[in-house]
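Student: I would like a close look at a single part of this model, the sheet, and at how the rest of the chain is arranged around that part. Please take it step by step.

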Amino acid sequence: MSHTFAREELDGSIKAYDVHEFWNAVKDMAPFELDINIPIGCINNFINKFTQDDWDRVVEADLSYPIIVNDITGVLDGCHRSVKAMLLGHTSIKAVRLNDLPPPSKVWANWSDYDANP
């Protein structure tokens with residue numbers, strides 16, 4: 001998988017998803033304008049841990065693509081685009097909402113297992 005998203009479930013397990021599956025699921029959805037504070041609030045802890053590679057991705061981010069959000073998790077795809085929009089002073093960002101996730105591509109028992117065997 002070239003681009004994945006991982007999240008912790010209520011039972012402590014970690015599920016990884018192929019982001020391309022998210023895009024397949026939203027391809028026919030019309031984007032809406034989302035207040036920029038919503039995705040930034042969801043990813044604020046990640047921003048504080050950005051590496052130089054992440055900041056390079058922010059600079060290169062293409063704001064013509066919407067971000068993908070989920071009511072439970074927040075941002076499924078588009079962290080770098082959200083940060084770029086915020087830094088440019090945008091008050092909103094194009095988004096699509098995906099609440100029914102496709103099946104995960106991989107499952108781990110916990111974050112330690114995920115870190116040991118990504």
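Student: Before we turn to the sheet, in what order do the elements of the chain run from the N terminus on?

Tutor: This is a predicted model, and in it the elements follow one another from the N terminus as β-β-α-β-α-α-β-β-α-β-β-α, which comprises five helices and seven strands. The sheet you ask about is an open one, built from four strands in the order β3-β6-β4-β5 with mixed pairing. Its edges are β3 (32-35) and β5 (74-77), each of which pairs on one side only, and from one strand to the next the twist averages 55 degrees.

Looking within the sheet, strand β4 (residues 67-70) and strand β6 (residues 92-97) run parallel and are joined by three bridges; on the β4–β6 pairing, Val69 has Arg97 in β6 as its bridge partner. Across β3, β4, β5 and β6 lies helix α2 (residues 37-47), whose direction makes an angle of about 55 degrees with β3.

As for the chain that surrounds this part, 70% of the contacts between residues at least 6 apart in sequence join residues at least 24 apart, and 38% of the 118 residues count as buried. The radius of gyration is 14 Å, which agrees with the value near 13 Å that a compact globule of 118 residues would have, while the C-alpha trace spans about 40 × 35 × 25 Å along its principal axes. The chain exposes about 7,200 Å², of which carbon and sulfur atoms supply 50%.

Conventions
Residues are numbered from 1 along each chain as its sequence is written. This is a predicted model: local features need pLDDT of at least 70, side-chain atom pairs count only at pLDDT 80 or more; totals for chains, interfaces and linings use all residues. Side-chain values use heavy atoms; hydrogens and water are left out. Two strands pair if DSSP finds at least two bridges between them. Helices (H or I, at least four residues) and strands (E, at least two) are DSSP runs, numbered from the N terminus. Axes are lines fitted to C-alpha atoms, for helices over the stretch in contact, and angles run from 0 to 180 degrees between N-to-C directions. Contact means heavy atoms within 4.5 Å. The radius of gyration is taken over C-alpha atoms; the globule rule is 2.2 Å times the number of residues to the power 0.38. Buried means under 20% relative accessible area, exposed over 50%, partly exposed in between (1.4 Å probe, protein chains only). Accessible areas come from the Shrake-Rupley method with a 1.4 Å probe; for residues, only the protein chains shown count as cover.
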